[in-house]
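Here's a structure to walk through together. Take a moment to turn it around before reading on.

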Amino acid sequence: MQVSRWLGIALSAGVLAIAGCGGDDEGGAGESAAGGSEATPAASVEKFAADTTLGKIQEKGEITIGVKFDVPPFGVKNPQSGEVEGFDVEMGKAVAAKLGVKPKFIEAISDNRIPFLEDGTADLILSTMTINEERVGQIEFSDPYYIAKGRILVKEDNSEITGVDTLGGKNVCTALGSTYEATLKKQAPDAKLKLVDSYSECLESLQNGSVDAISTDDVILTGMIIQDDTLKLVGDELSQEPYGAGIKKGNTELKEFVDGVFTEYKDDGRYDKTYEKWVGQYTDTKAEAPTISVDEAVELVKKNAG
């Protein structure tokens, strides 16, 4: 098993190390109990009726949230503490705090996020999930809380791949069930896709030479560069990817609650602090919290698809 570690800069964010591809990836349902968050202050808690979705979660005392365990800086399991950390994790903690319950984080890889909502394994998914038309037909989404951009990652000494138009005949890795499976088939139809369960597998494949490139969201790829500075981003943006929290279809009560929590999180300054801690310090970018709706997010993705 290969273990990938953050560079020294990541230590300031409290991420000491990350596991490569291990048993949690295979099981897809590793668990982590999370404590408090400096980005999530004590929240005023409203008590909900026992027969409502929110009331049932309060009665149980915890909300189960699916996150990535191998995608810094959004969701990564710290093998030393056993806790999951990252941008998505902070957003999940804010929802739990507003409900007055504990967050229970489980691993949700790209391909099992929607099944986890459908079968009740997770109450909420915060797992770098792009809002698109197909998924909106399957689940509810919160309003977007982040907009990523599709890019390509290669080894620093690779001079052949300079953008999506040079992927023909090349082995390109992305996650099974991600939006990039369709994006790459359309924009690089001659590329040889390698579809895997987790992005840590893509990173290992690029490092050992079994693939030539990885394509996914820029912030996920930036996390890989933080782990391995012999990698680089190439080419223009392939797409824009508005992230939303996933909720079981028909559960509009939880959707509206999450939307309210996210609005507060953006308005009171916590969003900016969380962004700087987990994203801004590595990308030298300022926080720009999305203000678009789910419907507008769907149209943005459709426009990207051309």
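What follows α2, and what is the sign of its phi? The residue is glycine 61, and its phi is positive, near 90°. Keep in mind as you look around that this is a predicted model.

Now step back into the helix itself. α2 covers residues 53-60, and Leu54, Gly55, Ile57 and Gln58 are buried there. Look down the axis of α2 and these buried residues fall within an arc of 160°, so they line one face of the helix. The general background is simple: an α-helix has 3.6 residues a turn, so residues three or four places apart point the same way. On the face of α2 turned away from the buried side you'll find the exposed residues Lys56, Glu59 and Lys60.

So much for the two faces; what covers the buried residues of α2? The cover includes the strand β2 (62-67) along with α3 (87-99) and α9 (252-267).

Let's follow α3 from here, starting with its packing against α9. The axes of α3 and α9 are 10 Å apart, and the two pack at an angle of about 110°. That makes α3 roughly perpendicular to α9, and the crossing is right-handed. On the α3 side, the contact is made by Glu90, Met91, Ala94, Val95, Lys98 and Leu99. From α9 come Phe257, Val258, Val261, Phe262, Glu264 and Tyr265. Sort the residues of this contact by class and you get 9 nonpolar, 3 charged and no polar ones.

α3 has another helix to deal with: α10, residues 270-283. Here the axes come within 9 Å and cross at roughly 150°, which makes α3 roughly antiparallel to α10. This crossing, too, is right-handed. Phe87, Glu90, Met91 and Ala94 of α3 meet a set from α10 made up of Arg270, Tyr271, Thr274, Tyr275, Lys277, Trp278 and Val279. By class, the contact of α3 with α10 has 7 nonpolar, 1 polar and 3 charged residues. Glu90, Met91 and Ala94 are worth a second look: they appear in the contact with α9 and again in the one with α10.

One residue of α10 makes a good last stop. Is arginine 270 buried or exposed? This residue, found in helix α10, is buried, with a relative accessible area of 12%; the cut-off for buried is under 20%. Arginine 270 and glutamate 90 are 180 residues apart along the chain, and their C-alpha atoms are separated by 9.6 Å.

Technical notes. Residues numbered from 1 in each chain as written. Predicted model: local features only at pLDDT ≥ 70, side-chain atom pairs only at ≥ 80, totals over all residues. Heavy atoms only, no water. Buried < 20%, exposed > 50% of the residue type's maximum accessible area, 1.4 Å probe, protein only. Helix = DSSP H or I, 4+ residues; strand = E, 2+ residues; numbered from the N terminus. Arc of directions from axis to C-beta. Contact = heavy atoms within 4.5 Å. Axes fitted to C-alpha atoms, helices over the stretch in contact; angles between N-to-C directions. Parallel < 35°, antiparallel > 145°, perpendicular 65-115°, else oblique. Left-handed = near helix turned anticlockwise from the far one by under 90°. Nonpolar A, V, L, I, M, F, W, Y, C, P; charged D, E, K, R; others polar.
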